[in-house]
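Hi,

Here is the structure I said I would pass on. Have a look at it first, and my notes on what turned up follow below.

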Amino acid sequence: MTLNTLIPSLFRKEVLAMTAYKVADAVGLIKLDAMENPYGWPEDFKRQWLETLKECPLNRYPDPEAQLLVQTIRTHDQIPAQHAILLGNGSDEIIQLLLMALPPNASVLSPAPGFVIYQQISNCLGLGYHGSPLLAHDFELDLPAMLAAIELYQPAVIFIAYPNNPTGNLFNPGSVHSIIKAAKGVVVIDEAYAPFAHASFIGSLEHYENLLVMRTVSKLGLAGLRLGYIAGNPELIGQLNKIRLPYNINSLTQLSANFALTHKALFDQQTQAICTSRAMVFNWLNNMDGITAYPSSANFILFRVGQGQADKIHASLKQQGVLIKNLSPQGGLLSDCLRVTIGTEHENTAFIGALTNSMSKH
Ligand SMILES: *Cc1c(COP(=O)(O)O)cnc(C)c1O
């Protein structure tokens with residue numbers, strides 16, 4: 001048996017057809033490609049955090065239910081006691097858990113362009129993934145198209161990112177409610193960018209048994225911890241909990257996230273600063289000739305450059321030491337689009353300077 005014959009016979013065709021999720025190397029660059037919070041912690045804050053880690057028993061398995069952290073999240077996000085909460089190693093793991101639990105012929109629906117992991121995991125599991133195009137001029141939900149797709153594909157799961165990634169907008173809440181009502185499966189509202197949006201469906205959980213709300217601490221400022229969570233009906237969450245690996249949230253993450261979320265003031269201050277900078281970057285972008293920036297309720301801004309210019313501008317920015325995300329290769333509504341994460345004041349100024357420079361050359 002050689003690997004040439006072993007590999008095609010060993011793996012499912014969906015796995016063989018995939019390419020690995022690629023993360024750009026950012027060494028030495030101003031990193032504005034991944035929606036990270038750019039701010040660090042004050043020294044005394046770090047010292048208190050290290051104090052809490054000191055007694056962590058690393059020889060023991062973590063609390064499999066992460067009870068303390070679940071309680072802290074419940075308080076932090078004001079999730080009423082009647083809804084259950086499940087934690088994941090990033091919300092990516094929760095997406096995987098949910099999709100893994102579906103029957104093999106199930107289908108999955110989400111607005112497109114959307115978060116790529118929904119499609120990536122669906123494809124890997126051999127599920128039928130369908131993207132329903134957003135409206136071209138403002139990336140709003142095309143409600144009739146979504147309702148028709150629900151009718152046609154009868155999706156087991158519908159993912160709606162609110163605000164949406166990579167477009168940054170909050171969809172019309174009335175349209176989202178119509179989708180939840182029309183759905184015969186589960187609707188997951190992915191609120192990864194909630195800290196920047198001041199809008200949520202947590203308050204709607206009590207009205208719909210088929211609604212789940214998912215969040216993450218990644219965009220808030222704790223991307224390195226890998227912690228996401230999903231809230232909703234205890235019977236639905238209970239099914240997912242059966243296939244969760246027993247110790248999926250490690251002890252250091254449990255302690256650190258608990259520490260951070262009980263010190264909300266620092267993160268409120270940081271997210272507020274990011275929102276203020278977002279308004280400045282948005283104005284700068286829209287005042288530049290040849291650029292259209294789209295309004296954002298997240299910690300990034302999607303913008304469109306001249307036809308066929310995106311690759312060159314992206315490369316030129318990188319050459320000047322600024323890494324952002326080029327979405328143009330995804331094509332469709334994202335042709336000629338780039339996405340910049342809001343950084344510190346210094347980083348934002350460097351980005352705009354580099355962009356001005358690139359634009360004058362192309
Ligand atoms: C970043 C992001 C996630 C993934 O978050 P992790 O918790 O870091 O896995 C999920 N959904 C959307 C829409 C995102 O942009």
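**Between the two domains**

Searching the interface of domain 1 and domain 2 for salt bridges turned up zero by the rule used. One caveat before going on: this is a predicted model. Polar contacts are another matter, with six residue pairs counted between domain 1 and domain 2, both partners at pLDDT 80 or more.

As for which part of domain 1 faces its partner, helix H12 (264–286) and strand S10 (300–304) each bring at least two residues to the side that touches domain 2. The largest share of that side comes from H12, with seven residues.

In case you want to select the domains yourself, the assignment for the protein chain puts domain 1 at 3–42 + 265–361 and domain 2 at 59–263. Their contact involves 30 residues from domain 1 and 33 residues from domain 2. Measuring sticks aside, the C-alpha centres of domain 1 and domain 2 are 23 Å apart.

People often quote the size of an interface as the accessible area lost when the parts come together. Here, domain 1 and domain 2 bury about 2,500 Å² between them, and carbon and sulfur atoms give 67% of that. On the domain 1 side, the residues that lose the most area to domain 2 are Phe-267, Ser-297 and Leu-333, which together make up 23% of what that side buries.

**The nonpolar cores**

The largest nonpolar core contains 51 residues, and Leu-69, Ile-73, Leu-87, Ile-158 and Ile-189 have the most contacts inside it. Helix H11 (residues 251–261) gives the most to this core, namely four residues. Both domains take part, since the core draws at least three residues from each of domain 1 and domain 2.

Leu-87 is a handy place to start looking around. Leaving out residues up to four places away in sequence, Leu-87 touches a list that includes Leu-69, Ile-73, Ile-94 and Leu-227, and also Tyr-229, Arg-244 and Asn-248. There is also a second, separate core of 31 residues, with Tyr-193, Phe-303, Ile-313 and Val-322 among its members.

**One serine to look at**

Ser-175 sits in helix H8 (residues 173–182). Is Ser-175 buried or exposed? Its relative accessibility is 10%, so Ser-175 counts as buried, the cut-off for that being under 20%. Beyond its neighbours within four places in sequence, Ser-175 is in contact with Leu-141 and Leu-143.

Cheers

Key. Residues numbered from 1 in each chain as written. Predicted model: local features only at pLDDT ≥ 70, side-chain atom pairs only at ≥ 80, totals over all residues. Heavy atoms only, no water. Buried < 20%, exposed > 50% of the residue type's maximum accessible area, 1.4 Å probe, protein only. Contact = heavy atoms within 4.5 Å. Core = buried A, V, L, I, M, F, W, Y, C linked by side-chain atoms within 4.5 Å. Domains from an automatic or database assignment. Buried area = accessible area lost by both parts, 1.4 Å probe. Salt bridge = Lys/Arg side-chain N within 4 Å of Asp/Glu carboxyl O. Polar contact = N/O pair within 3.5 Å; in protein donor to acceptor, adjacent residues only side chain to side chain.
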